[in-house]
Amino acid sequence: MHKIVIPFAIAVAILLLEIVKRNEKFRWGFFGYVLIFIGFVLYILAFLTDDFTLKEVFAHSSKSLDPIFKLSASWSGSGGFIVWWLFVFTLLAFIRRIRLKDLRAIFYYDLTIIALFFIALLNGAFDSLDFVPKNGAGLNPLLKTFWMLLHPPATFIGYALGLLVAIGVFLNEENRFYIGLAWLFVTLANILGGVWSYYTLGWGGYWAWDPVETALLLPWLSLTAYFHSSELKRCLLALTGFSVAFAGFITRGGISPLHGFTISNAGMTIVLLGIPFLIKAIKEFRFRYELRPMNVAVYALLGSYAVCFLGLLYQFVFALAGSRVDV
């Protein structure tokens with residue numbers, strides 16, 4: 001394990017202590033958040049300064065790589081992407097909790113940060129090499145593109161916002177500002193991914209129903225349905241929390257051959273983050289259909305969601321069997 005994990009590990013210990021002491025208004029969690037920020041800065045510096053003892057740097061960067069792509073290399077791997085997701089969520093949680101007095105909110109924020117840390121850990125974000133390489137393996141040629149600087153950041157910001165608004169369901173809270181931001185960044189991530197696939201991967205179109213882009217469509221469908229619903233808002237927000245975790249699982253679990261540079265067997269652990277949100281979504285679901293335009297829109301979007309989700313599960317079953325099927 002690389003020494004860069006130390007501030008993250010101390011932060012997690014502090015947050016665990018805050019969770020245990022939450023009834024006593026224990027407030028050391030802010031120090032934990034600051035330590036995560038410090039660890040994140042050190043993580044980025046490892047890429048910018050060519051610290052190839054960190055395995056993620058060795059695998060995705062090199063001395064000759066342009067500095068801007070060294071930065072993008074920090075989120076190109078499975079572990080690095082989750083470190084960025086962890087950082088953005090921690091930043092949002094830090095902003096939110098400045099004025100928060102609800103101990104439950106702090107509990108859920110801390111728990112999510114801890115979960116993301118362990119997911120990053122399992123996905124090799126902090127693995128080290130037992131020797132000092134002279135150079136790194138370099139960035140995948142497909143990732144040396146302008147779109148790499150736009151699409152992944154929009155994605156992990158959308159993921160972080162998706163988790164934040166989904167946690168609001170457990171707190172009986174709907175923050176329309178953050179919900180709108182989540183929809184905006186998920187929309188941008190989908191559009192930028194489509195443009196990238198057209199110009200760089202040469203798919204011949206902006207959409208090919210690749211598992212990764214289909215998975216990223218799921219939180220867009222649930223968030224769009226939220227703005228059309230008057231009765232299923234809580235259900236749809238909770239479903240968004242599950243959707244971003246499921247999308248992360250599909251992307252990092254190695255189902256898509258076109259996203260092979262992000263494959264990690266540990267990527268499957270990400271889906272566990274979404275299970276509580278899925279359970280909450282099921283509990284909040286109430287079917288009462290009336291023939292009104294908004295209802296038609298909501299259930300059409302949910303139907304589309306179900307089709308995409310089942311298609312992805314179908315592909316995942318074949319992937320477990322060691323084969324691939326296109327839907």
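This is a tour of selected helix packings, cysteines and buried residues in a predicted model.

Residues are numbered from 1 along each chain as its sequence is written, and side-chain values use heavy atoms, with hydrogens and water left out. Because the model is predicted, local features need pLDDT of at least 70 and side-chain atom pairs count only at pLDDT 80 or more, while totals for chains, interfaces and linings use all residues.

**Stop 1: the N-terminal segment**

Select His-2, in the segment before helix 1 (5-20); helices here are DSSP runs of H or I with at least four residues, numbered from the N terminus. His-2 is buried, at 6% relative accessibility (buried means under 20% relative accessible area, exposed over 50%, partly exposed in between, with a 1.4 Å probe and protein chains only). Now show what surrounds His-2: leaving out residues up to four places away in sequence, His-2 touches Asp-51, Thr-53, Leu-54, Phe-126, Asp-127 and Ser-128. Contact means heavy atoms within 4.5 Å.

**Stop 2: helices 2 and 5**

Select residues 29-48 (helix 2) and 78-97 (helix 5); their axes come within 10 Å and cross at roughly 145 degrees. Axes are lines fitted to C-alpha atoms, for helices over the stretch in contact, and angles run from 0 to 180 degrees between N-to-C directions. The crossing of helix 2 with helix 5 is left-handed, that is, the near helix is turned anticlockwise from the far one by less than a right angle (clockwise would be right-handed). On the helix 2 side, the contact residues include Tyr-33, Phe-37 and Phe-40, and on the helix 5 side they include Trp-84, Phe-87 and Arg-97. The contact divides into 14 nonpolar, 4 polar and 1 charged residues; Ala, Val, Leu, Ile, Met, Phe, Trp, Tyr, Cys and Pro count as nonpolar, Asp, Glu, Lys and Arg as charged, and the others, Gly among them, as polar.

**Stop 3: Asp-110**

Keep Tyr-33 and Arg-97 on display and add Asp-110, in helix 6 (residues 103-122). What does Asp-110 contact, leaving aside its neighbours within four places in sequence? The partners are Leu-15, Glu-18, Ile-19, Tyr-33 and Arg-97. Asp-110 has a relative accessible area of 0% and is therefore buried.

**Stop 4: helices 7 and 11**

Select residues 151-170 (helix 7) and 270-284 (helix 11), whose axes come within 11 Å and cross at roughly 45 degrees. Helix 7 is therefore oblique to helix 11 (under 35 degrees is roughly parallel, over 145 roughly antiparallel, 65 to 115 roughly perpendicular, and the rest oblique). The crossing is left-handed. Leu-163, Ala-166, Ile-167, Val-169 and Phe-170 of helix 7 meet Leu-273, Pro-276, Phe-277 and Lys-280 of helix 11. By class, this contact has 8 nonpolar, no polar and 1 charged residues.

**Stop 5: helices 9 and 12**

Move to residues 211-226 (helix 9) and 293-320 (helix 12), packed at about 155 degrees with axes 9 Å apart. The two helices are therefore roughly antiparallel, and their crossing is left-handed. Leu-217, Leu-218 and Leu-221 are among the helix 9 residues in the contact, and Tyr-305, Cys-308 and Phe-309 among those of helix 12. The contact holds 12 nonpolar, 5 polar and no charged residues.

**Stop 6: the cysteines**

Stay on Cys-308, which is buried at 10% relative accessible area, and add Cys-235, buried at 6%. How many disulfides are there? The count is 0, with a disulfide taken as a pair of cysteine sulfur atoms within 2.5 Å. The sulfur of Cys-308 lies 17 Å from its closest cysteine sulfur, in Cys-235, too far for a bond.
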